[in-house]
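Reader: I'd like a close look at one part of this protein, the open sheet of four strands and the helices packed around it. Could you walk me through that bit?

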Amino acid sequence: MFYKHDQIVVAEGDRAAVQSALTELGIGVTGSSDIRELGLQRLELVNVDRIRGDAYLTQYAEAILRAERPGAGPLPVDNLDLLLFRLRFDFARLYSGWVPVIAKNRTVTTAEGFDEIIGGRPSGPVGEAEIDANGEINGGGEINGGGGGLTVLKGHVNVINGPRDAGAGVTICVLDTPVYQHAAFDGHAVEGLEKDDGAGEVPPMAGHGTFGVGVILGQAPAATIRSCPVLGTDGGADLWTVAATMMRLESEGRLDADILHLPWGCITRDGKAPYVLAAAITKLARPGRVIIASAGNHGDSGDPDVPENAPGYPAALPQAIAVGATGPRGELTDFTPKPLSAPWIDVADSGDRLRSTYLRDGYAQWSGTSFAAARFTGRLAAGETAGETAGDRDSGDIVAAARALSARWRAAYDRDYS
């Protein structure tokens, strides 16, 4: 499921016009909510299937929408697709091409997959039975997670061993799943941790944020890291909820930081940016703040709904640094979209079989562009690749450093692989 099939998002000023058009089509609105900072409202709909009453419209819409969607074969046009097509068609016909803002409430669809838990398991109910062997991804079908999936390791692993002052003076907000307390975080400036008392069942994806923070600290132990959860413990969320949470955190000052780390993404069937997410990222982008996002793990996708180099958002937005994953020899991993076919990729970092912190004070091995983004975030905070310490830079310089590092990597990639 790429989006909520009974919800649409409209601009606050356009709601009356859109709701009137819905009423004429026999489609009701049962509830609504708003994100005032974005001027958007979410409408909850009933009777969306009534749009199928016009067979000629359906045939016409399917021909147009299928032509707009990239991929090897046609994709089905569902009721919400048909409704949005009808609304936009009618508005454009009646008002000389003017169309109000009408968008879908999409879902987070790219995350690391779970092939297996081997070599041990955390104390508690997390175990093999809760791992989907096909790497089923929240909200978006089945996508190869890459790199052998999650492996919980036995015993202690020394994962935070960078220079003690690396990252000093840099604040990083991690917008991910909740981050749990971990013994390895003791003595480090990690804020907003959740208590992990070992009680109750939790899905393996619950350790995603905890793993990413360990990767960041491995490069920048002195950085201040603030956990700002926007995803559930299963790694899923709809973009309306994500955007509303980010706007609330921004208004509370929780996102006042040098780097926003967004290790997740959304893929759209037509390749276009999700309206709600793009509006939120536009609000969050400002001078002195770097937005780093994972490119997605669909570079070797076998899902016909997801082209192998489909843009992942927010990574593909111009305000973000899109990070892919490299393997042990510096090569791009199979699961990373390839820049020659995905020019929105900005940079790549190590993301294959990384080791880091996990649930229950444990450790794990995991692969994915989320963790490549975490490693790049830590290296940027540490100033390692720029040949300086983070404390020597002001916030404007960290933005310039991120862009310079990305340009340098991309130039090398284009030289070697063009």
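Author: Sure, and keep in mind that this is a predicted model. Let's begin with the pairing you asked about. Strand S1, residues 3-11, and S4 run antiparallel to each other and are joined over 4 bridges. If you want a spot to click on, go to isoleucine 8, which stands opposite lysine 104 in S4.

Now for the sheet around that pair. It is an open sheet of 4 strands, and reading across you get the order S2-S3-S1-S4, with antiparallel pairing. At the edges sit strand S2 (28-35) and strand S4 (102-106), each of which pairs on one side only. Going from one strand to the next, the twist averages 35°. As general background, strands of a sheet pair through backbone hydrogen bonds, either parallel or antiparallel.

Next come the helices. H3 packs on this sheet, where it touches S1, strand S3 (40-46) and S4, and its direction makes about 160° with that of S4. Another helix turns up from much further along the chain: helix H6, residues 275-284, lies across S1, S3 and S4 and runs at about 165° to S3.

H3 has a helix partner too. Helix H1 (residues 15-24) and helix H3 (residues 79-94) pack at an angle of about 115°, with their axes 11 Å apart. That angle makes H1 roughly perpendicular to H3. The crossing of H1 past H3 is right-handed. To see who meets whom, light up Ala17, Val18, Ala21 and Leu22 on the H1 side, which meet Leu83, Leu87 and Phe91 in H3. Sorted by class, this contact of H1 with H3 has 7 nonpolar residues, no polar ones and no charged ones.

Stepping back to put this part in context, the protein has 8 helices and 16 strands. Of its 418 residues, 56% are buried. And if you take contacts between residues at least 6 apart in sequence, 78% join residues at least 24 apart.

There is also an open sheet of 3 strands, in the order S5-S16-S15, again with antiparallel pairing. Strand S5 (151-153) and strand S15 (354-357) are at its edges with a single partner strand each, so one side of each has no neighbour in the sheet. Here the twist averages 30° from one strand to the next. S5 is joined to strand S16 (residues 363-366) by 3 bridges, and threonine 151 has glutamine 365 in S16 as its bridge partner. Helix H4, residues 208-219, lies across S15 and S16, running at about 110° to S15.

Key:
Residues numbered from 1 in each chain as written. Predicted model: local features only at pLDDT ≥ 70, side-chain atom pairs only at ≥ 80, totals over all residues. Heavy atoms only, no water. Axes fitted to C-alpha atoms, helices over the stretch in contact; angles between N-to-C directions. Helix = DSSP H or I, 4+ residues; strand = E, 2+ residues; numbered from the N terminus. Parallel < 35°, antiparallel > 145°, perpendicular 65-115°, else oblique. Left-handed = near helix turned anticlockwise from the far one by under 90°. Contact = heavy atoms within 4.5 Å. Nonpolar A, V, L, I, M, F, W, Y, C, P; charged D, E, K, R; others polar. Pairing = 2+ DSSP bridges. Buried < 20%, exposed > 50% of the residue type's maximum accessible area, 1.4 Å probe, protein only.
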